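This report goes through selected local features of one protein chain and its ligand. The sequence and the structure are shown first.

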Amino acid sequence: MTGAPRGDGTRAVRAGLPDPVKYEPPLPGPVFAAHFHLPGEPTGPYTYGRDENPTWTRLEQAISELEAPGEAVETVAFSSGMAAVSAVLLSQLRSGDAVVLPSDGYQALPLVREQLQAYGIEVRTAPTGGDAQLSVLDGARLLWIETPSNPGLDVCDVRRLTEAAHAAGALVAVDNTLATPLGQRPLDLGADFSVASDTKGMTGHGDLLLGHVTCRDTALAAGVRRWRKIVGAIPGPMEAWLAHRSLATLHLRADRQCANALALAQALGARPEVTGLRYPGLATDPSHAVASRQMRRFGCVVSFVLPDRAHAERFLDGLRLVDDATSFGGVRSTAERRGRWGGDAVPEGFVRFSAGAEDAQDLVADVLRALDEAAAR
Ligand SMILES: Cc1ncc(COP(=O)(O)O)c(C=O)c1O
């Protein structure tokens, strides 16, 4: 899209659309091709299907318009969020480098940590809250930030950490999965890489896996793109097209889901059996002040703790409008007892709740009824 940046909704519905062509659809369908006609010299935008695909190009352009409105940035789409995460870490780090990871981030990070260590990379960890990563930056090549963190919903000050990291000679990547670019724009806050699992709120229907990396620096983007070619972690054209189609409703979904999450957090805050309630959008949340400075929407995930595992299981069993399922960011509310996976340092009764796009009063009523029933047994 050319011209001055517009409102989120206007940008979302038009992001990445080609200029109108008579008798062509507004969003051309997925291009399924392993190779493209290529007589003569093998140059041009589309040669082989592992390198480029027009459906990816349109999606990447759309994501760039959301990540950095009106700016020249580059997005590389991947087959999953983890493919995008690994592409940044493994394309940038070399044996002997040091990297700083959050100790309370997404539960696959400890696996990544083991792999990096096996390649001779020093991995340091620190929690997200209180900008604790500041204390281990010295001599690091890359700082990895996840804010809000999943599942604890702690928030760190991206601009502060980024300035310190850059001063120490480190690059900065932000996992922006939970916020989406309509909630927070890491590149505006100074980060070098904005990374996300688009499996979640970005696409929002729980029917595909996808990821992306966006950079302002073309050399960094080229490294990430090269990694995708080497590893072959490419998105399917159908997934890429579905994702692009879904971006048109991102602002609607984000507004509704954030409003529902806030209504839910407020209702949960009044329950005596609920402890450890976290939602960055709640005025009483410890992260609210920092979150308000860097986020425009606070996300759809609320976390809280019920007295024990059995109590949490009764609660989840009792929900009728909320699926007991992992992942988050979808239009249908989901919740799960996070301790069942064994990977997060959370109490047995810890629940991660992803607010969907239902009517707030129905959702809150369902949750309160399930809480009543769980407490009565
Ligand atoms: C914060 C975060 N980053 C990355 C990922 C990985 O994404 P994917 O499952 O699409 O590979 C997830 C998945 O839950 C996540 O929550």
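## Loops and cis peptide bonds

Helices and strands are taken here as DSSP runs, of at least four residues for helices and at least two for strands, numbered from the N terminus. In these terms P148 falls in the loop between β4 (142–146) and α5 (158–167). The model is a predicted one, and in it the peptide bond that leads from T147 to P148 is cis, with omega near -10 degrees. P151 is likewise placed in the loop between β4 and α5, and the bond from N150 to P151 is also cis, its omega being near 10 degrees.

L153 belongs to the loop between β4 and α5 as well; although L153 is not a glycine, its phi is positive, at about 60 degrees. With a relative accessible area of 0%, L153 is buried. A positive phi, near 55 degrees, is also found at D131, again a residue other than glycine. D131 sits in the loop between β3 (122–126) and β4, and its relative accessibility of 8% counts as buried.

## Surroundings of the ligand

Which residues surround the ligand? They are S80, G81, M82, Y106, E146, N150, D175, T177, S197, T199, K200 and F328. Three of these side chains can be described through their polar atoms: one such atom of N150 lies 2.9 Å from an oxygen atom of the ligand, and one of T199 lies 2.6 Å from an oxygen atom of the ligand. In the case of D175, an N or O atom of the side chain is 2.7 Å from a nitrogen atom of the ligand.

Two other residues around the ligand, K200 and F328, are also arranged with respect to each other, in that K200 lies over the face of F328 at 5.5 Å from the ring centre. S80, a further residue of these surroundings, is located in the loop between β1 (74–78) and α3 (81–92). S80 is buried, because its relative accessible area of 18% is under the 20% limit that defines this class. Leaving out residues up to four places away in sequence, S80 touches L209, L210 and G211. From S80 to R58 the separation is 22 residues in sequence and 18 Å in space, taken from C-alpha to C-alpha.

## Aromatic pairs

A search of the whole structure yields 2 aromatic pairs. F36 and Y46 form a tilted pair, with 5.7 Å from centre to centre and 45 degrees between the planes. Both F36 and Y46 lie in the loop between α1 (8–14) and α2 (54–67), so their pairing ties together parts that are 10 residues apart in sequence. F36 is buried, with a relative accessible area of 17%, whereas Y46, at 25%, is partly exposed.

For F304 and F315 the ring centres are 5.9 Å apart and the planes stand at 75 degrees, so this pair is edge-to-face. F304 is in strand β9 (residues 301–305) and F315 in helix α10 (residues 309–318), and the pair links these distant parts of the chain across 11 residues. Both F304 and F315 are buried.

## Nonpolar cores

F304 and F315 appear again in the largest nonpolar core, which has 32 residues and in which F304, F315, L319 and F353 have the most contacts. Two or more residues of this core come from each of α8 (250–269), β9, α10, β12 (350–354) and α11 (360–376). Another core lies apart from it and has 28 residues, including A87, V88, W144 and A233.

## Buried charged residues

D366 is part of helix α11 and is buried, with a relative accessible area of 6%. The side chain of D366 reaches the backbone nitrogen of L321 at 2.8 Å. Beyond neighbours within four places in sequence, D366 is in contact with L319, R320, L321 and V322.

R278 lies in strand β8 (residues 275–278) and is buried too, at a relative accessible area of 13%. Its side chain makes polar contacts with the side chain of D154, at 3.1 Å, and with that of D285, at 3.0 Å. The residues in contact with R278, again without neighbours within four places in sequence, are G152, L153, D154, D285, P286, S287, V302 and S303.

Note on methods. Residues are numbered from 1 along each chain as its sequence is written. This is a predicted model: local features need pLDDT of at least 70, side-chain atom pairs count only at pLDDT 80 or more; totals for chains, interfaces and linings use all residues. Side-chain values use heavy atoms; hydrogens and water are left out. Buried means under 20% relative accessible area, exposed over 50%, partly exposed in between (1.4 Å probe, protein chains only). Contact means heavy atoms within 4.5 Å. Rings of Phe, Tyr and Trp (its six-membered ring) pair if their centres lie within 6.5 Å; planes under 30 degrees apart count as stacked, over 60 as edge-to-face and the rest as tilted. A charge sits over a ring if NZ of Lys or CZ of Arg is within 6 Å of the ring centre and within 35 degrees of the ring normal. A nonpolar core is a set of buried Ala, Val, Leu, Ile, Met, Phe, Trp, Tyr and Cys residues joined through side-chain atoms within 4.5 Å. A residue is near a molecule or strand if one of its heavy atoms lies within 4 Å of it. A polar contact is a pair of N or O atoms within 3.5 Å; within protein, one must be able to donate a hydrogen and the other to accept it, and residues adjacent in sequence count only if both atoms are side-chain atoms.
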